[in-house]
Amino acid sequence: MEQYKDKIIILNQENKGVTAARNLGLERATGDYILFVDADDYIDAEMLYKVLLEANDFDIISFSYSIDFLDDKGELRNYQICNSPFYSYRETSDIYNTLFASQIGIGEKDLVRWARGGRLKENKLKGFTWCYLIKRSIVEKNSIRFRTNIIYNEDAIFNIEVFEYAKTAAFTNYVVYHYEKREGVGASYLIARNPKEMAYNKLALLHAKEEIYFKELKKEKDIISLFCASNIFSLVEMSDLCSQFSGGYNVLKEYIDSESVKRSIREIKLSHQRVIFKIMLFIYKIHAEWLLYLIMKLLNKFNINFREISLKRIK
């Protein structure tokens, strides 16, 4: 550290979570590009240098990365390289239709593919901030910051807002980032530990996406088809999560009564869906969500995870 003391700034603040920490970093950043690194991950400095040499003033640069699977002692068990062949976008319409669309959610086409036995999120771009180099001027010019009321999936909202303003983007196959995946840590762990916290987080995510949704409507861009299926899948998760804590039904109702979710329920077709999903969609369409809520509560009593059964093969 001593040899880099003139290049490294260490910032200290009261622990307010990762979003507040990142926002503080953004306030003090001075470089041309921004790169986020999670506390337990690391980057290959040589590969990053090569990416910067080839940056060519792109607004966004994505790179390949390695998922390092660690055991409970922190030892490397296996790894998986996630390659990204080189290509570039120099039209805002291309960025809107690929980067922006991939981050905002799962569309009806994806849902139909899943209903026919396929997997969701095939060939989707990652919703992490750490796999993108982002030109700092875009972030500052448009006052983009992380939302501190979102504790999980906060990256996706930040990415959406960045991609909305980007004019050029490039992808390279240099393996820059090493994402360390540890046993017993992840979304499933967080859901099991605190379903109430995760339910409120989903509600905050929905409100953030709706802000973007209404903003795009003003530009005469109707993006509901890009994330209508996400709303439906989240409804299933919300029904399960909210059935696990007192007052959960009110949270579920707030989610269902939001404009984008109501429209998603109206527009999602029952055809091509699996039987179990048709039943759930029918319950939502006739505004009998209380029935699904009661079913979830009953299943939870018998330790049956309906969410996993109904949404299997999503990832």
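In the predicted model, the lining of the second largest pocket is made up of 17 residues, and those that lie nearest the centre of this pocket are Thr92, Glu164, Tyr165, Ala166 and Lys167. The space in the second largest pocket amounts to about 290 Å³. Three helices, α3 (92–104), α5 (136–141) and α6 (154–165), each contribute at least two residues to the lining of this pocket, and α3 provides the largest share, with 4 residues. In terms of residue class, the lining of the second largest pocket comprises 7 charged, 6 nonpolar and 4 polar residues.

An enclosed space was also found, the structure holding 1 cavity of 30 Å³ or more. The volume of the largest cavity is about 60 Å³, and its lining consists of Val51, Glu54, Ala55, Phe58, Ile61, Phe86, Ala170 and Thr172. Of the residues that line the largest cavity, 6 are nonpolar, 1 is polar and 1 is charged.

Side chains of opposite charge can pair when their charged atoms come close. In the present model, 17 salt bridges are found. One of them joins the side chains of Asp38 and Arg22, with an N to O distance of 3.0 Å; this pair links distant parts of the chain, since Arg22 belongs to helix α1 (residues 18–28) and Asp38 to the loop between β1 (33–34) and β2 (42–43), the two residues being 16 residues apart. The two partners fall into separate accessibility classes: Asp38 is partly exposed, because its relative accessibility is 22%, whereas Arg22 is buried, because its relative accessibility is 9%. The same two residues take part in a network of salt bridges that links Arg22, Asp38, Glu154 and Asp155.

A further salt bridge is formed by Arg147 and Glu161, whose closest N and O atoms are 3.2 Å apart. Because Arg147 is placed in the loop between α5 and α6 while Glu161 is part of helix α6, the pair ties together parts that are 14 residues apart in sequence. Arg147 and Glu161 are both buried. Helix α6 is thus met twice in this account, as the element that carries Glu161 and as one of the helices that supply residues to the lining of the second largest pocket.

Helices α8 (residues 195–218) and α9 (residues 224–242) are connected through Lys202 and Glu237, respectively, a pair that links parts of the chain 35 residues apart. The closest N and O atoms of this salt bridge are 2.7 Å apart. Glu237 is classed as buried because its relative accessible area is 18%, and Lys202 is likewise buried, with a relative accessible area of 17%, both values being under the 20% limit for buried residues.

With regard to cysteine, the structure holds 0 disulfides. Cys228 is buried, as its relative accessible area is 4%, and Cys242 is also buried, with a relative accessible area of 0%.

Confidence in the model was considered for the chain as a whole and for its elements. The average pLDDT of the chain is 84, and 88% of the residues score at least 70. Among the elements of the chain, α5 has the highest mean pLDDT, at 96, and helix α7 (residues 187–193) the lowest, at 56. Helix α5 is also among the helices that each supply at least two residues of the lining of the second largest pocket.

Definitions and conventions:
Residues are numbered from 1 along each chain as its sequence is written. This is a predicted model: local features need pLDDT of at least 70, side-chain atom pairs count only at pLDDT 80 or more; totals for chains, interfaces and linings use all residues. Side-chain values use heavy atoms; hydrogens and water are left out. On a 1 Å grid over the protein atoms alone, a cavity is a set of points where a 1.4 Å probe fits but cannot get out, and a pocket is an open set with protein on both sides within 12 Å along at least five of seven lines; lining residues have an atom within 4 Å of a point. Grid points are joined across faces, edges and corners, and a volume is the space filled by probe spheres set on the points. Ala, Val, Leu, Ile, Met, Phe, Trp, Tyr, Cys and Pro count as nonpolar, Asp, Glu, Lys and Arg as charged, and the others, Gly among them, as polar. A salt bridge is a side-chain nitrogen of Lys or Arg within 4 Å of a carboxyl oxygen of Asp or Glu. Buried means under 20% relative accessible area, exposed over 50%, partly exposed in between (1.4 Å probe, protein chains only). pLDDT is the predictor's confidence in each residue, from 0 to 100. A disulfide is a pair of cysteine sulfur atoms within 2.5 Å.
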